[in-house]
Amino acid sequence: MSMSGLPFDDFRALLRELPGPDTRALVAARERDKQLTKPAGSLGRLEEIAFWLAAWSGRQPAVNRPLVAIFAGNHGVARHGITPYPPSVTQQMVENFAAGGAAINQICAAYDLGLKIFDLALDYPTGDITSEAALSERDCAATMAFGMEAIAGGTDLLCIGEMGIGNTTVAAAINLALYGGEAEDWVGPGTGSHGEMLERKIAAVKQAVAFHKDHLSDPLEVLRRLGGREVAAMAGAILACRVEKIPVLIDGYVATAAASILKAANPAALDHCLIGHVSAEPGHLRAIEKLGKTPLLALGMRLGEGTGAALAAGIVKAAAACHSGMATFAQAGVTTAGQPVPHQH
Ligand SMILES: O=C(O)c1ccc[n+]([C@@H]2O[C@H](COP(=O)([O-])O)[C@@H](O)[C@H]2O)c1
Ligand SMILES: Cc1cc2nc[nH]c2cc1C
């Protein structure tokens, strides 16, 4: 997209004019569903998923090129001792993804999903959100635009994942800014912060939101000040999918925080998205409820790296396959529900 005026202007315009669902494809899917060889409604949520795919892809439900995108970033706030792992682990895990050794690699192989990793200036952590903005407006907008390019190679279902030591602190700060409440409502263990480390994490989130408090009514300012590069890129990718008619599965606590920025800017902005899995991170369910969504899976995972979304992609693939592959009653010569058969004694 071309950048004109202030760096955020194009995103603000895009967020105001988001395309709606394709009602023709939605009606066609509802009609087809009625004819499939199953009792009406018997595929439960799989039917809803098929309708959602139709509405937001604009065609008969199909998942032929599912893709997991992992965005990786590093965070200045990590210097406060708020996470048990050093920021160098972000780069090391990026290498592990490339070598095929991470959990997400195995899930992608098991479910036949593509995987792309986008590492975002890992040697240059974002600003420490407790005392400065994470990103300049120019950097934030450029990173959102970069995220929009994640789908350039083509996909028909995007799973949004991330990797970034310290980013559950950033996600908690975003949620506190967007939704209020107490820092304790939004801060959880992340990779394993407990005791004094968890107290420092809570203090950092409080301090960050207090420091930026006069600038948090604008969701893009929340992203720029309290977010990070992978968070901005995820927001951009979700937005690009809306424009390109690509349904989206959102992963855990951090990916949901990125999505929440868009929802705060336009209440309809996440209608093309489902939450793949509710993380064990305690604030995740609360954040999902704020979005008015119901996660597809609850497996007690708290890994990130797109794993929850990727597992849910298996269900979405199955929903599309049922909808598009099943025979109709007429094709299979199966009798439809009609008048009740007289009761025989
Ligand atoms: O997405 C989640 O629900 C989630 C919950 C806990 C941890 N993570 C991952 O753990 C990393 C951030 O944890 P932390 O403790 O360093 O903030 C980052 O790489 C995330 O992908 C992710
Ligand atoms: C090892 C490790 C793997 C991860 N994957 C996503 N976040 C992660 C954080 C750590 C620490």
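Glu 305 touches residues far from it in sequence: leaving aside neighbours within four places, its contacts are Ile 70, Ala 102, Ala 103, Ile 104, Gly 161 and Met 163. This is a predicted model. Glu 305 sits in the loop between helix 13 and helix 14 (307-325). The UniProt annotation "active site", from an unreviewed entry, covers Glu 305.

**Glu 305 and ligand 2**

- Is Glu 305 buried or exposed? Glu 305 counts as buried, because it has 27 C-beta neighbours inside 10 Å, and 20 are enough for that label.
- Glu 305 also belongs to the set of residues around ligand 2.
- The others in that set are Tyr 85, Val 89, Met 93, Met 163, Thr 191, Leu 303 and Gly 304.
- Met 163 therefore appears twice: Met 163 is in contact with Glu 305, and Met 163 is part of the surroundings of ligand 2.
- By class, the shell around ligand 2 holds five nonpolar, two polar and one charged residues.

**The shell around ligand 1**

- How many residues surround ligand 1? There are 24.
- The closest are Thr 83, Gly 190, Gly 252, Ser 279 and Gly 304.
- Gly 304 is also listed around ligand 2.
- Three elements each supply at least two residues of the shell around ligand 1: strand 3 (157-163), helix 7 (167-179) and helix 12 (253-265).
- Helix 7 gives the largest share, three residues.
- By class, this shell has six nonpolar, 13 polar and five charged residues.

**Helix 13 and its buried side**

- Helix 13 spans residues 282-290. Its buried residues are Gly 283, His 284, Ala 287 and Ile 288.
- Why do they share a side of helix 13? They cover an arc of only 140° around the axis, so they lie on the same side.
- These buried residues pack against helix 7, helix 8 (183-186), helix 12 and strand 5 (273-275).
- Gly 292 comes just after helix 13 and takes a positive phi of about 70°.

**Helix 1, with two faces**

- Helix 1 runs over residues 9-16, and Phe 11, Leu 14 and Leu 15 are buried in it.
- Seen down the axis, the buried residues of helix 1 fall within an arc of 95°, so they line one face.
- The face turned away carries the exposed residues Asp 9, Ala 13 and Arg 16.
- The cover over the buried residues of helix 1 includes helix 6 (137-148), helix 10 (219-226), helix 11 (229-243) and helix 12.

**The nonpolar core and helix 11**

- The largest nonpolar core has 110 residues.
- Which residues have the most contacts inside this core? They are Ile 160 and Ala 237.
- Beyond its neighbours within four places in sequence, Ala 237 is in contact with Ala 69, Gly 147, Met 148, Ala 150, Ile 151, Leu 158 and Ile 160.
- Val 231 is found in helix 11. Val 231 is buried, because 35 other C-beta atoms lie within 10 Å.
- Apart from neighbours within four places in sequence, Val 231 is in contact with Val 170, Leu 223, Val 254, Ala 257 and Ala 258.
- Val 231 and Pro 295 are 64 residues apart along the chain, and their C-alpha atoms are separated by 20 Å.

**Loop residues to look up**

- Most residues other than glycine have a negative phi.
- Asp 112 has a positive phi, near 60°. Asp 112 lies in the loop between helix 5 (103-111) and strand 2 (114-119).
- Asp 112 counts as exposed, because it has 11 C-beta neighbours inside 10 Å.
- Lys 245 also has a positive phi, near 60°. Lys 245 lies in the loop between helix 11 and strand 4 (248-250).
- Lys 245 is partly exposed, with 17 other C-beta atoms within 10 Å.
- Arg 59 lies in the loop between helix 3 (44-57) and strand 1 (66-72). Arg 59 is partly exposed, with 14 other C-beta atoms within 10 Å.
- Arg 59 and Pro 84 are 25 residues apart in sequence and 46 Å apart in space, C-alpha to C-alpha.

Technical notes: Residues numbered from 1 in each chain as written. Chains lettered and ligands numbered in written order. Predicted model: local features only at pLDDT ≥ 70, side-chain atom pairs only at ≥ 80, totals over all residues. Near = placed C-beta within 6 Å. Helix = DSSP H or I, 4+ residues; strand = E, 2+ residues; numbered from the N terminus. Nonpolar A, V, L, I, M, F, W, Y, C, P; charged D, E, K, R; others polar. Buried ≥ 20, exposed ≤ 12 C-beta atoms within 10 Å, placed from the backbone. Arc of directions from axis to C-beta. Contact = placed C-beta atoms within 7 Å. Core = buried A, V, L, I, M, F, W, Y, C linked by C-beta atoms within 7 Å. UniProt positions renumbered as here; feature names shortened; annotations may be inferred.
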